[in-house]
Amino acid sequence: MASAVTFYNDALTHNGKSKWPWAHRAWLTLLEKKVNFTTIPVPLNNKPQWYKDLYASVHPDPLARAKVPIIEIGKPNDAEYQILVESDVVARFVAENWKSQGEQLVPDNKFAEAKMNLFIG
């Protein structure tokens with residue numbers, strides 16, 4: 001059975017689409033890869049403490065300002081439970097982790113992939 005995927009995104013969305021382009025690319029990647037996920041809206045102007053704590057638990061700088069998106073895979077205490085932050089990290093992980101489903105987003109050719117990184121990175 002596949003792990004549950006939870007996508008924490010800004011509460012200022014329309015049909016799940018983020019207002020912010022950085023979070024939007026992670027959301028689009030989930031859609032293009034046809035990943036089944038649940039969206040949890042986060043009010044950016046008044047982030048709850050639990051969200052700040054979740055962000056700090058995984059970001060290399062625990063004092064960094066909590067941003068969207070966060071992707072959570074599985075549930076706490078699951079062996080394969082993971083949390084990732086930063087839209088480029090989330091988008092790349094989704095593209096690679098669900099490589100065999102949905103659209104092919106990362107080229108197989110490493111030179112073409114490097115060129116792609118100029119555009120998305």
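User: What makes K99 and E96 a salt bridge?
Analyst: In this predicted model, the closest N and O atoms of K99 and E96 are 3.6 Å apart. The cut-off is within 4 Å, so the pair counts as a salt bridge.

User: Why is K99 called partly exposed?
Analyst: K99 has 33% relative accessibility. Partly exposed sits between the buried limit, under 20%, and the exposed limit, over 50%, so that's the label K99 gets. Its partner E96 is also partly exposed, because its relative accessible area is 34%.

User: How do you know that R92 and E113 form a salt bridge?
Analyst: Their closest N and O atoms are 2.7 Å apart, and the requirement is within 4 Å, so they qualify. R92 is in helix α3 and E113 in helix α4, so the pair ties together parts that are 21 residues apart in sequence. K110 joins in too: R92, K110 and E113 are linked in a network of salt bridges.

User: Why does E113 count as buried?
Analyst: Buried means under 20%, and E113 comes in at 11% relative accessibility, so buried it is. R92, on the other hand, has 24% and is partly exposed.

User: What makes the K67 and E86 contact a salt bridge, and which parts does the pair tie together?
Analyst: The N to O distance is 3.2 Å, and the cut-off is within 4 Å, so the contact counts. K67 lies in the loop between α2 and β3, E86 in the loop between β4 and α3, so the pair ties together parts that are 19 residues apart in sequence.

User: How many salt bridges turn up in the whole structure?
Analyst: Four.

Key
Residues numbered from 1 in each chain as written. Predicted model: local features only at pLDDT ≥ 70, side-chain atom pairs only at ≥ 80, totals over all residues. Heavy atoms only, no water. Salt bridge = Lys/Arg side-chain N within 4 Å of Asp/Glu carboxyl O. Helix = DSSP H or I, 4+ residues; strand = E, 2+ residues; numbered from the N terminus. Buried < 20%, exposed > 50% of the residue type's maximum accessible area, 1.4 Å probe, protein only.
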